[in-house]
Amino acid sequence: MEKIALVTGSNRGIGFATVKELLKKNYKVILTSRKEEDGRKAIAKLQKYGEVFYHPLDVSNPQSVENIRTYVERTFGQLDILINNAGINYDTWQSASDADLTKVEETINTNLMGAWRMAKALFPLMKQQKYGRIVNVSSGAGSMHLMGGGTPAYSVSKAAMNALTIKLAADGQRYNILVNAVCPGWVRTDMGGMTATRSPQKGAETIIWAAEIEDRSLTGKFFRDKKEIAW
Ligand SMILES: NC(=O)c1ccc[n+]([C@@H]2O[C@H](COP(=O)([O-])OP(=O)(O)OC[C@H]3O[C@@H](n4cnc5c(N)ncnc54)[C@H](OP(=O)(O)O)[C@@H]3O)[C@@H](O)[C@H]2O)c1
């Protein structure tokens, strides 16, 4: 049976590279973007790699998440892979004690609640088919083990995303829904900057590896370079 994958925030950066690599592996992929124009431009670059579909998606907006859930259900009736990639606000300019809390809320609403909304919306389809792979694109900045000061909104949102990963994994276990968090490393994107050490394709590598895990004991974990790392 053909497998369907959906990647949030995939008009550019790591999300775009993830769609491209999934297409090369013969998945049918739903590319999503906040702005339709950006999504259509991205799709045009990817059509030669395989069967790519488009739907608008703003993960910070519950109605937008509901719209894509309906689209997935009606168009495909299944979803095998969900990549929660959309992320914002690597807030190097502030610290926790003086943070702009409006910005913090905005960051949490996208990075944590966006992933949570998407997982909640699409879990029933995955449960029904007794198969699902959810990859939460997290960051070493969210690792409690390594955490110091700096990037407060971003780091707290990713630490919470890591906690969400464990919770979802527990819910998914009986249904062969595996849920893992992945740090892509430091990647050359608008967020990572052009001096970052990794290409977007390299950043996508472990995300795709986690989306294809067969071993059902590998769930509720945090990976970088296909190896488990500390939360
Ligand atoms: N780059 C790194 O070094 C690095 C390191 C560790 C983790 N990460 C994580 O990797 C993921 C991708 O990062 P990136 O470097 O590729 O960032 P990026 O180039 O800034 O791309 C972010 C993507 O997320 C989308 N997005 C933002 N808010 C959204 C929303 N509310 N709904 C839907 N899409 C939304 C953006 O869409 P627009 O074009 O509309 O803004 C864009 O497509 C993020 O979760 C990030 O935290 C990145």
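**Exercise 1. Decide why the radius of gyration of the protein agrees or disagrees with that of a compact globule.**

Solution. Start from the chain length: for 231 residues, a compact globule would have a radius of gyration near 17 Å. The rule behind this is 2.2 Å times the number of residues to the power 0.38, with the radius taken over C-alpha atoms. The protein has 16 Å, which agrees. Along the principal axes, the C-alpha atoms fill a box of roughly 50 × 40 × 35 Å.

This is a predicted model, in which local features need pLDDT of at least 70 and side-chain atom pairs count only at pLDDT 80 or more, while totals for chains, interfaces and linings use all residues. Residues are numbered from 1 along each chain as its sequence is written.

**Exercise 2. State how many helices and strands the protein has, and what share of its residues is buried.**

Solution. Helices (DSSP runs of H or I, at least four residues) number seven, and strands (runs of E, at least two) number eight; both are numbered from the N terminus. For burial, count other C-beta atoms, placed from the backbone, within 10 Å of a residue's own: 20 or more is buried, 12 or fewer is exposed, and in between is partly exposed. Buried residues make up 45% of the 231.

**Exercise 3. Trace how β2 is paired and connected.**

Solution.
1. Strand β2 spans residues 28-33, and five of its six residues are buried.
2. Strands pair if DSSP finds at least two bridges between them. Strand β1 (residues 4-7) runs parallel to β2 and is joined to it by four bridges; here valine 7 stands opposite leucine 31.
3. With strand β3 (residues 52-56), β2 shares five bridges, again in parallel. Valine 29 stands opposite valine 52 in β3.
4. The path from β2 through α2 to β3 is a right-handed β-α-β crossover. Right-handed means that, with the strands pointing away from the viewer, the path from the first strand over the helix to the second runs clockwise.
5. A right-handed β-α-β unit is also made by β1, helix α1 (residues 13-24) and β2.

**Exercise 4. Is leucine 46 buried or exposed, and which residues does it touch?**

Solution. Leucine 46 lies in helix α2 (residues 36-46). Leucine 46 has 20 other C-beta atoms within 10 Å, so it is buried. Leaving out residues up to four places away in sequence, leucine 46 touches Val19, Lys20, Leu23, Leu31 and Val52; contact requires C-beta atoms, placed from the backbone, within 7 Å. Phenylalanine 16 is 30 residues from leucine 46 in sequence and 9.0 Å away, C-alpha to C-alpha.

**Exercise 5. Locate asparagine 89 and aspartate 225, and give phi for each.**

Solution. Asparagine 89 is in the loop between β4 (81-84) and α4 (101-111). Its phi is near 70°, positive in a residue other than glycine. Having 18 other C-beta atoms within 10 Å, asparagine 89 is partly exposed. Aspartate 225 sits in the loop between β7 (222-224) and β8 (227-228). Its phi, about 50°, is positive although the residue is not a glycine. Aspartate 225 has 13 C-beta neighbours inside 10 Å and therefore counts as partly exposed.

**Exercise 6. Describe the residues around the ligand.**

Solution. A residue is near the ligand if its C-beta atom, placed from the backbone, lies within 6 Å of it. There are 32 residues around the ligand, and Gly9, Gly13, Gly87, Thr189 and Gly192 come nearest. Helix α1 supplies the largest share of the shell, three residues. By class, the shell holds 12 nonpolar, 14 polar and six charged residues. Nonpolar covers Ala, Val, Leu, Ile, Met, Phe, Trp, Tyr, Cys and Pro; charged covers Asp, Glu, Lys and Arg; the others, Gly among them, are polar.

Notes: Two residues are in contact if their C-beta atoms, placed from the backbone, lie within 7 Å.
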